[in-house]
Amino acid sequence: MAINQKYLELLAKQFPTISDVTTEIINLEAIMELPKATEHFISDLHGEYNAVSHVLKNGSGNVKEKIREIFLGRLSMREMNQLATIVYYPDRKIKQVVKTFDSQAEIAEFFTLTISRLVELAQFVVSKYTRSKVRKAMRPDMSYIMEELLFKDTILSNKEDYYKNIIRNVIELDAAPRLISALAELIQELVVDHLHVLGDIYDRGPAPDKIIDLLMEKNSIDIQWGNHDVIWMGAAAGSRVLIANVLRICARYDNLEIIEDAYGISLRPLVAFAEKMYPDNGLKGFMPKLDPDTTHFPEEAKQIGKIQQAIAIIQFKLEADVIKRHPEFKTDNRLLLDKIDYDKMTITIGSKTYPLENTSFPTVDPKDPYKLTADEEYIMNRLQQGFLNSPRLHEHIDFLYSKGNLYTIYNDNLLYHGCIPMNNDGSFMSAVVNGQEYSGRALLDQFELVLRRGYINRSTKERKNPDIDYFWYIWQGEASSLFGKGKMTTFERYYIKDKATHDENKNIYYQLREKEEVAEKIMLEFGVNPEIGHIVNGHTPVKEKKGEDPIKANGKLLVIDGGFSKAYQPTTGLAGYTLLYNSFGMQLVSHQAFTSVEDAINNETDIVSTRRIVDRELERMTVRETDVGDRLELQVLDLKKLLHAYREGKIKQNTTAKYH
């Protein structure tokens with residue numbers, strides 16, 4: 001039997017009659033004429049849960065924009081701000097407002113007005129979707145009431161009292177807060193149809209785990225891995241050198257609670273070791289970057305500094321093993337412990353000798369500087385077991401693998417976190433992966449393959465996993481699309497005062513991406529039409545206060561580092577960029593810093609956002625013109641083949657299927 005015949009017979013089980021087939025064709029054709037739904041692009045979240053959560057709730061200002069479209073001239077600015085806050089934080093805001101009223105009549109009037117306004121807003125938001133999609137997005141316990149209110153008759157003469165009675169009974173039965181919350185959640189969910197996350201969920205901020213929990217609730221999402229995600233992916237795969245990197249960064253930014261509280265990995269052996277081996281007077285350069293709003297016991301910062309120093313030395317030792325196993329990585333310049341004169345406490349790099357800022361090396365044997373001590377081996381083995389056996393960590397990393405890639409092509413746009421490594425002449429930089437040389441798209445495909453395979457084959461025996469060392473290279477290798485620099489000068493930044501040694505030499509990509517022809521070359525390499533496509537790039541904060549423009553290459557390349565990390569905001573002068581792409585075109589949205597959830601609720605403040613049009617569609621874009629439309633077109637084609645087979649008698653209808 002021909003494959004097409006087998007496929008059509010399988011399809012016939014889903015659509016057993018001519019009537020079923022024709023109904024579905026009509027449905028799909030109608031969907032393709034709907035306006036293109038909104039895509040939301042965010043990047044570099046860096047553990048800042050509250051700010052990220054708020055931006056997702058307000059759709060980068062999209063909720064407030066729709067409120068203005070509907071209610072401008074009908075509601076005051078204060079009323080519009082209050083309505084927006086109710087959409088973002090319905091439960092907490094409703095409780096706060098209700099406390100201000102003196103009578104049940106005032107409360108009932110408030111609920112009636114709020115429900116009516118939210119219904120009107122929701123009707124506007126869901127107008128570009130099918131009833132089926134809207135129904136699936138509704139909270140089940142309130143879906144019947146919401147359907148009746150959202151899809152009410154356009155001619156109200158016969159049912160006006162019916163709708164008023166629904167709202168009146170909802171209020172009398174104390175169900176108004178639940179309905180308001182359900183409407184707010186529906187608006188939040190459908191004001192944006194698809195979410196793109198361009199990497200770096202982890203590191204610096206205090207709650208990357210909560211961000212991933214939030215992202216796991218999204219119905220339609222893709223993720224492009226960032227360099228800070230890959231070190232966590234490698235740590236979860238059992239890479240001891242990346243476990244050390246993860247711990248060092250967490251200690252540096254005072255976020256060790258993520259390891260212990262969020263992921264249940266014990267740090268007790270490391271803490272005890274650091275306290276025993278590293279003195280209080282040897283912490284120069286290793287004190288953590290403390291949030292001024294966070295309080296600590298006086299000795300706690302010192303303890304974190306000792307942990308950071310202890311794990312940094314372990315990291316440098318473990319890196320040597322990887323470097324020696326892989327001469328093709330060309331990272332010998334990271335072997336620095338053997339360049340130290342431990343008597344004079346100086347280090348010679350190339351032809352220059354530098355004094356060391358910190359002279360505490362209690363666990364380094366000058367005769368064999370890269371050998372772990374017995375205690376260090378024990379600590380790393382314990383930590384490796386912890387990372388390999390943390391259920392919540394692996395739930396999160398599994399999610400990153402299921403929704404993530406190194407790059408994504410979506411609706412003619414190429415999305416990636418870091419860069420496409422290039423040589424000075426504009427050619428694509430190559431690297432050797434498992435004995436073969438690759439560059440451009442092929443290199444990224446190989447990197448992704450080893451990342452997936454390395455995680456699947458994770459174990460405590462690193463040397464039996466031939467792909468595990470590539471996690472480290474992708475974190476800091478010169479030809480890595482996630483690093484994009486000549487070297488990672490972690491050692492120099494800790495130990496050498498001369499800032500010339502701290503220079504990491506950005507890949508020429510970051511200069512060449514300003515040119516339209518380079519952006520077009522990259523798009524062609526990835527099979528994207530440069531006439532209509534764009535590159536959306538995360539990773540590098542845009543220094544707006546120094547005049548840098550996030551729109552590059554004559555509008556072909558957009559940099560949208562979200563700037564959520566507080567550590568970057570003094571440098572950039574703002575809290576970064578996000579991007580919206582709807583049926584009317586693309587809009588770049590710049591944001592000021594988020595204050596707090598309490599400020600948003602109590603004072604009805606929002607992240608101040610400024611929109612800038614990137615591309616405007618000449619005609620409003622429909623679903624038919626998107627990747628979803630392409631898939632629907634293929635489904636319609638298959639259904640028409642099935643319809644033909646039914647009418648030709650090649651496949652029998654099953655008219656009794658609906659009764660069984």
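In this predicted model, a good place to start is strand β8, which is joined to strand β9 (residues 413-416) by 4 bridges, with the two strands running antiparallel. To find a matched pair of residues, look at T408, which stands opposite L415 in β9. These two strands belong to an open sheet of 5 strands, and if you follow the order you will pass through β8-β9-β12-β14-β13. The pairing in this sheet is mixed. Which strands stand at the edges? They are β8 (407-410) and β13 (551-552). Each has a single partner strand, so one side of each is left without a neighbour in the sheet.

Another pairing of strands can be found at β5 and β6. Strand β5 (residues 346-349) and strand β6 (residues 352-355) are antiparallel and share 4 bridges. Here T348 has T353 in β6 as its bridge partner. The two strands form a hairpin with 2 residues between them, and in this hairpin G350 takes a positive phi near 65°.

Now let us turn to a helix. Helix α17 covers residues 300-325, which makes 26 residues. From its first C-alpha to its last it reaches 38 Å, close to the 38 Å expected at 1.5 Å a residue. Is α17 enclosed or open to the outside? Of its 26 residues, 20 are buried, so α17 is largely enclosed by the rest of the structure. After this helix comes the loop between α17 and β4 (340-341), where K330 is found. K330 has a positive phi, near 55°, in a residue other than glycine. Its relative accessibility is 71%, so K330 counts as exposed, the cut-off for that being over 50%.

Helix α17 also helps to line an enclosed space. A search of the whole structure finds 3 cavities of 30 Å³ or more, and the largest cavity holds about 90 Å³ of space. Which residues line the largest cavity? They are Q315, F316, E319, R334, L336, L337, Q476, M488, T490 and F491. By class, this lining divides into 5 nonpolar, 3 polar and 2 charged residues. Both α17 and α22 (490-495) supply at least two residues of the lining, and α17 gives the largest share, with 3 residues.

From α22 you can move on to the loop between α22 and α23 (509-512), which is the place of N505. N505 is not a glycine, yet it has a positive phi of about 55°. With 45% relative accessibility, N505 counts as partly exposed.

Next, step back to see how the chain is divided. Domain 1 is made of 5-34 + 625-648, and domain 2 spans 208-501. The centres of the two domains, taken over C-alpha atoms, are separated by 50 Å. Where does the second largest pocket lie? Both domain 1 and domain 2 give residues to its lining, so this pocket lies between them. The second largest pocket has a volume of about 930 Å³ and is lined by 37 residues, with Y129, K133, D193, S220 and V628 lying nearest its centre. Among the elements that give two or more residues to this lining are α2 (18-32), β1 (39-42) and α27 (627-647). The lining has 15 nonpolar, 12 polar and 10 charged residues.

One of those elements, α27, deserves a visit of its own. Its 21 residues should span 30 Å at 1.5 Å a residue, and its end C-alpha atoms are 31 Å apart, which agrees. Which residues of α27 are buried? They are G629, L632, V636, L639, L642, L643, A645 and Y646. A simple rule helps in reading such a list: an α-helix has 3.6 residues a turn, so residues three or four places apart point the same way. After α27 comes G649, whose phi is positive, near 80°.

Our last stop is the loop between α2 and β1, where K36 lies. Is K36 buried or exposed? At 2% relative accessibility, K36 counts as buried. K36 and H539 are 503 residues apart in sequence, and their C-alpha atoms are 28 Å apart in space.

Terms used. Residues numbered from 1 in each chain as written. Predicted model: local features only at pLDDT ≥ 70, side-chain atom pairs only at ≥ 80, totals over all residues. Heavy atoms only, no water. 1 Å grid on protein atoms, 1.4 Å probe; cavity = no way out; pocket = protein on both sides within 12 Å on 5 of 7 lines; lining within 4 Å. Points joined across faces, edges and corners; volume = space filled by probe spheres on them. Nonpolar A, V, L, I, M, F, W, Y, C, P; charged D, E, K, R; others polar. Domains from an automatic or database assignment. Pairing = 2+ DSSP bridges. Expected span 1.5 Å × (residues − 1). Buried < 20%, exposed > 50% of the residue type's maximum accessible area, 1.4 Å probe, protein only.
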